[in-house]
Amino acid sequence: MYHNSMFFVYIFAELTGFLIIAAIAIFFRSQSKHSARLAYIRNIIICYFIIGFIYIISNYYSIIINEYKAGPIIRILDTSAWLVSKYYWFIFAQSVLVVQDKYKVLLRKALTYIFIPLLVLSVINYGCIMDDYYYVQSGFLQDYVYAVQRVRTTIIMLFLVAHMIAVLIKSKEKTTAVFVTVNTLFYIINGAWNGLAGTELIRGDILLTEWSELVDPTAIILLLTNLTTLIYIAKCYFNTTSSSSEEESVDAVVQQYSLTHREAEIIARAYNGESNNEIAEALCISIYTVKRHLQNAYEKMDVSTRMELIKLIKKYRAKE
């Protein structure tokens, strides 16, 4: 009964995922502000959309046709989409940290250097070594795939906890911090389940044909994370009252300190959490030009860091 009901939960999760992707597309057509973060969210939801679609097909075959197996393409898509979604989630979490750009760049590089080998190993293991039931014959290969699965799960869990704590400490955006915390907790639950179930399937302790007897939280987690994401982007990106208030605060600072048009564009994006690289890409200018304009704006406003810039703009917002 639980297994059958989860089929419909996956369908509902897919619908909410489609709504999020459509909402982001509409926002991108209307304006470019916050584009970097929204792009990360869009990529995460696309990954989960792929996972949800795979599980809908799998559930259909198991319920209607009574067939329990997954071919190599399905297995590769499943593991790749899951890993890539976590990669973009960590990038999103890093984008809201109030730290110097050089540290963000280092974090991004470290993340990439860790995730590329994990992705390659996962594709090889899931696509070439596992059979259609996620099982590996006993021996060296089974021990190897089991060890990689355990290491991958441990790394992802440590990263999830570390990024959640970093956002709670280093982010000045309460709504975003709550969003990151809640969804990260969902990801930790789902990651722990996937890690445990995956290793059991590899060793044959659980058979794929017995999957319907287990209480798999994946469908519920997908739905909950999609719903919280929908609420978050509606509040932060489609809340015209909040947006206009922020814009008025930035405009007040621009007028008070006689900033140029380009300086105003850049500090607005910096205030909204975009890194120098993201600003340069959005405005089609070099990163050195971004740094020069930021430095000029800082001197006019008598601040020296982004944290001081954010505090200054928030002061003007509080006065309104």
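Start by selecting helix 10, residues 276-283, in this predicted model, and colour its buried residues, which are Asn276, Glu278, Ile279, Ala280 and Leu283. An α-helix has 3.6 residues a turn, so residues three or four places apart point the same way. Then step just past the end of helix 10 to Cys284, where the backbone takes a positive phi of about 55°.

Keep helix 10 in view and turn to the largest pocket, whose volume is about 710 Å³. Of the 31 residues that line this pocket, the ones closest to its centre are Asp101, Ser275, Asn276, Asn277 and Arg306, so select these five and centre the view on them. Helix 10 is one of the elements that give two or more residues to the lining, together with helix 2, helix 3 (72-95), helix 4 (101-129), helix 11 (287-301) and helix 12 (306-319).

From the pocket, move to helix 2, residues 35-65, and select Ile65 within it. Which residues join Ile65 in a nonpolar surface patch? Show Phe53, Ile57, Tyr60, Tyr61 and Ile64 along with Ile65, and the patch that they make covers about 570 Å². Ile65 itself is partly exposed, because its relative accessible area is 43%, and this value lies between the limits of 20% for buried and 50% for exposed.

Next, pick out two cysteines, Cys47 and Cys128. Is each of them buried or exposed? Cys47 counts as buried because its relative accessibility is 8%, whereas Cys128 counts as exposed because its relative accessibility is 63%. A disulfide is a covalent bond between the sulfur atoms of two cysteines. In this model the count of disulfides comes to 0.

Now go to helix 7, residues 218-237, and select Ile233 there; with a relative accessibility of 1%, Ile233 counts as buried. If you add Thr154 to the selection and draw a line between the two C-alpha atoms, the line spans 30 Å, while the two residues are 79 residues apart along the chain.

Finally, zoom out and colour the whole protein by secondary structure, which shows 12 helices and 0 strands, following the pattern α-α-α-α-α-α-α-α-α-α-α-α when read along the sequence. Along its principal axes the C-alpha trace spans about 70 × 40 × 30 Å, and of the 320 residues of the protein, 48% count as buried.

Notes: Residues numbered from 1 in each chain as written. Predicted model: local features only at pLDDT ≥ 70, side-chain atom pairs only at ≥ 80, totals over all residues. Heavy atoms only, no water. Patch = residues over 30% accessible without salt bridge, like charges linked within 9 Å, V, L, I, M, F, W, Y side chains within 5 Å. Areas by Shrake-Rupley, 256 points an atom, 1.4 Å probe, with all protein chains shown as cover. Salt bridge = Lys/Arg side-chain N within 4 Å of Asp/Glu carboxyl O. Helix = DSSP H or I, 4+ residues; strand = E, 2+ residues; numbered from the N terminus. Buried < 20%, exposed > 50% of the residue type's maximum accessible area, 1.4 Å probe, protein only. Disulfide = S-S within 2.5 Å. 1 Å grid on protein atoms, 1.4 Å probe; cavity = no way out; pocket = protein on both sides within 12 Å on 5 of 7 lines; lining within 4 Å. Points joined across faces, edges and corners; volume = space filled by probe spheres on them.
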